[in-house]
Protein chains: 2
Amino acid sequence: MIDKRFTALEGLTNPDDYLICTYSYQTHQNPIRAAVELCKSRSTSGAGWGTSGTVAGENRAIVERYGAKLLHYDIVEAGDLPDMPPVAPKLQRNGYGKLWRASARIAIPVGNLGSSIALLLTAVAGEIHNLEPFISIKLVDVEFPIVYLERYAGPKFGATDVRKRLGAEIGRPLLIGAIKPSPAPTGLFAELAYQSLIGGLDMVKDDELLVDIDESPLVSRVRAVSDAAKRAADHLGRKVYYQANITADLDQLLRNHDLAVANGADLVMVNAMAVGLAGTRLLTQHSEVPVTSHFGMTACNAKVPFHGVSHKVWAKLQRLAGLDNVMVPAPGATQMEYSSDIADEIAVHQEPMGSIRPSQPLFGGGVKATNLGAILDAGGIREVGMIIGHGVYAHPAGALAGARSVVQAWEAYRDGIAARHYALSHPELRSAFDHFEKPPQEENREPHHRAS
Amino acid sequence: MIDKRFTALEGLTNPDDYLICTYSYQTHQNPIRAAVELCKSRSTSGAGWGTSGTVAGENRAIVERYGAKLLHYDIVEAGDLPDMPPVAPKLQRNGYGKLWRASARIAIPVGNLGSSIALLLTAVAGEIHNLEPFISIKLVDVEFPIVYLERYAGPKFGATDVRKRLGAEIGRPLLIGAIKPSPAPTGLFAELAYQSLIGGLDMVKDDELLVDIDESPLVSRVRAVSDAAKRAADHLGRKVYYQANITADLDQLLRNHDLAVANGADLVMVNAMAVGLAGTRLLTQHSEVPVTSHFGMTACNAKVPFHGVSHKVWAKLQRLAGLDNVMVPAPGATQMEYSSDIADEIAVHQEPMGSIRPSQPLFGGGVKATNLGAILDAGGIREVGMIIGHGVYAHPAGALAGARSVVQAWEAYRDGIAARHYALSHPELRSAFDHFEKPPQEENREPHHRAS
């Protein structure tokens, strides 16, 4: 029953010719045969559905060269509770019986793939969630041979150059303000930028939903905030920076980049997963400034433990796509992702990857002066960006004080002083604790049912 | 606790200014407050995490204009079994207690969105899977006001023009061969195209993994298959067609289109979800021929019943992106998706959507002569494409006979004759039944555990 042409259990003779994918899955069929069907589907497209038989002309030479190969599997019994309801009507009636949970390492020939993230995704994950043997399946990891990585330019700047450009010394985080309210009129928005920059932030940025709206057109906003950053720099005696959100479809994305950079933006941000990495790559190739990605839409593909494509894989593809900075949900304090996923992402952005430069993680989501130290501890990394929204712009004494509170929190952490102790002599940090760390009111969890 | 500025339970006074999103979710918090937090996050970015308090300057005018509004909710108790393990470490220790399952209709201002699928996705789904109140959440539907739809050109050809171009009479499916083996040398590949076209197919197509490989470079293949299609047309006395897969990243995608069309391709295919719809839209704007999307990567976002973005929503976005043909897993026979998802997709591609032309669904995945009628019945539509791979190219008597068997199956269905009866007088159809409908051997589901 198992087509041995699609296995290489003794190992590969030419490992440079293959990506290695790791899948975890639940199946009601023979779990080894299921993995071999996956190999066929993801390479010579010879899987077929049901008893399709053999395709004329799918000879040994074709399978040898273009066929995926099962390298290794681990299998355990998994009771009879499926991860998801059966898709097939027949199984909906009769149930599955005994189930297996398995992981498989599969080698996919890079000869199929050219240099395209879109085709790479199609090969490693395209139809896997539609294949009949799998009740559930997740692509857990992809490992690339160096020769394949050479097809990608990767980040044009990378973590090191970005930090150099922004004047960030080794061993400290960049402090970045995500200006709120996001859809504020340009004048107010630029004033909030100015206040937070003179309060001590390195950089301010647009939120992910703000690109070009009536109240805040892209060019006017970029001009106003860049001007605010220049005035702040004059005040401070050091440069400070602005990252503009240029997210758009591909008919407009490069034009937005050109407009933003021509009008003073120091970096650009794109909602990379919403655009698609195959399009984001064109932007990073084109860009004259570092490109940052927002994390929106990643969890849509990656969060479910038994389904989708892992955060680890997406992080690798984001480096292939050339992103210099990659936003990652802040670990520890206000958790928006599983700890193991965040740890994977942080590791992937820094790990060796041929000649592809490392990306810099930017932690975002609930970061404040009051948890900055805990987040740096949980992240296990100091050379990151810390993106602070409410912690600056909802500080009770305003954006300048909010920025100061964040700088003070960093000073305390750097010098090994407890932030609450440091707060005793630093009023902005103290009021951050007073305001943001109020004990939560007992919430009424019962909804009031009403016709609405 | 509930910020009433983000609700409009009595209805909207200006419905043309809003998209209406429907979410279903599971929460351990007050389910109404959770929906309001979603509104804040997806519009003015004022949600914050924990007790963030109020953002200075987020005044009534800004919220009125740019804030999302909760329109309606339905809530039921949902026991204490979470859909997924808790993300927050605190909850991992203590569990959730009582849970709610709810659906909410939320109005999101189109004033935030410009004309960008990427920004639309960011608004309606960007961070929803990271928000703290939601154990699980799925974007079920998006409804657009006509004024918003006018920002999109939609399909350049659409279902009607595509069918006219391909000479498909009203009331019959297009019969399309997905040539296998996919990575065959160009000569063999073109010969298989020729055989299946003279056997009666309307069109042949490349598989989703085949674009430009050593064995089958894009330009040589397009030339060879287009030439085969011309020779077949001479033989048949009617035109037949070829759809080339041009999937690539955006640095290469339009060039691939130009090469394919210049060398004779009649349609182009793109793995749209792997490229990203924001990039696919640039292709459809640029294309001189109809553009077809493959369904790979859609289920990755859409399959889990309680998580992600529904197939219904993706189908709507695919129309916005301008796809003329959209592959959909074939319903009924060899099910690769839940029936309700397939039904939603078929409906969305045809339903009124302002001035945006309908897309033509192409059913694929396990289609054969033996189940063609059942699939047409299950789909409830005849003006579709039927994509047949193994049913043609793994037919025991070869591709020509395979194509004939499919044509015969259509003739039987059209004339209301049982296919098995029609097979008695049509040998190609008969051998399709003999070959593809063999009773399955009893499979040994037990894996042989071995060190590997």
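This tour moves through the structure stop by stop, saying what to select and what you will find there. Keep in mind that you are looking at a predicted model.

**Stop 1: the two chains together**

Begin by giving chain A and chain B separate colours. Which residues should you highlight at their contact? Chain B contributes 129 residues and chain A contributes 129 residues. The size of an interface is often given as the accessible area lost when the parts come together. Here, chain B and chain A bury about 10,700 Å² between them, with carbon and sulfur atoms giving 57% of that area.

Next, look for charged partners across this interface. There are eight salt bridges between chain B and chain A. To see one of them, select B:Arg65 and A:Glu215, whose closest N and O atoms are 3.3 Å apart. The interface also has 35 residue pairs in polar contact, counting pairs with both residues at pLDDT 80 or more. Now colour helix H4 of chain B, residues 117-125: with seven residues, this helix supplies the largest share of the side of chain B that touches chain A. If you colour that whole side by residue class, you will have 59 nonpolar, 47 polar and 23 charged residues.

**Stop 2: a glutamate facing the other chain**

Stay at the meeting of the chains and select A:Glu127, in the loop between H4 and E4 of chain A. Is A:Glu127 buried or exposed? Its relative accessibility is 8%, so A:Glu127 counts as buried. Add B:His294 to your selection, and you can follow a polar contact of 3.3 Å from the side chain of A:Glu127 to the side chain of B:His294.

**Stop 3: two domains in chain A**

Hide chain B for a moment and colour chain A by domain. Domain 1 covers 4-50 + 60-149, while domain 2 covers 158-436. Their C-alpha centres lie 37 Å apart. Where the domains of chain A touch, domain 1 provides 21 residues and domain 2 provides 22 residues.

The area buried between these two domains of chain A is about 1,800 Å², and carbon and sulfur atoms give 68% of it. Show A:Ile117, A:Lys138 and A:Leu149 as sticks: in domain 1 of chain A, these residues lose the most area to domain 2, together 36% of what that side buries.

**Stop 4: what links the domains**

The interface between domain 1 and domain 2 of chain A holds two salt bridges. Select A:Lys316 and A:Asp141 to find a salt bridge with its closest N and O atoms 2.8 Å apart. There are also 11 residue pairs in polar contact between the domains of chain A, with both residues at pLDDT 80 or more.

Which element of chain A should you colour here? E4(A) gives the most to the side of domain 1 that touches domain 2, with eight residues. By class, that side of domain 1 of chain A has 13 nonpolar, four polar and four charged residues.

Now keep A:Asp141 selected and add A:Lys312. These two residues form a salt bridge as well, with the closest N and O atoms 3.7 Å apart. A:Lys312 sits in helix H13 of chain A and A:Asp141 in strand E4 of chain A, 171 residues apart. A:Lys312 counts as partly exposed at 25% relative accessibility, whereas A:Asp141 is buried at 11%.

**Stop 5: helix H1 of chain A**

Move to helix H1 of chain A, residues 31-41. Why can this helix be called largely enclosed by the rest of the structure? The reason is that 11 of its 11 residues are buried. Among the buried residues of H1(A) are A:Ile32, A:Arg33 and A:Glu37. To see what they pack against, colour strands E1 (18-27), E2 (69-77), E3 (100-109) and E4 of chain A. Then zoom in on the start of H1(A), where a side-chain oxygen of A:Asn30 comes within 2.9 Å of the backbone nitrogen of A:Ile32.

**Stop 6: back to chain B**

Show chain B again and select B:Arg404 and B:Glu428. Their side chains meet in a salt bridge, 3.3 Å from N to O. B:Arg404 belongs to helix H17 of chain B and B:Glu428 to helix H19 of chain B, 24 residues apart. B:Arg404 is partly exposed, with a relative accessible area of 38%, while B:Glu428 is buried, at 15%.

Conventions. Residues numbered from 1 in each chain as written. Chains lettered and ligands numbered in written order. Predicted model: local features only at pLDDT ≥ 70, side-chain atom pairs only at ≥ 80, totals over all residues. Heavy atoms only, no water. Contact = heavy atoms within 4.5 Å. Buried area = accessible area lost by both parts, 1.4 Å probe. Salt bridge = Lys/Arg side-chain N within 4 Å of Asp/Glu carboxyl O. Polar contact = N/O pair within 3.5 Å; in protein donor to acceptor, adjacent residues only side chain to side chain. Helix = DSSP H or I, 4+ residues; strand = E, 2+ residues; numbered from the N terminus. Nonpolar A, V, L, I, M, F, W, Y, C, P; charged D, E, K, R; others polar. Domains from an automatic or database assignment. Buried < 20%, exposed > 50% of the residue type's maximum accessible area, 1.4 Å probe, protein only.
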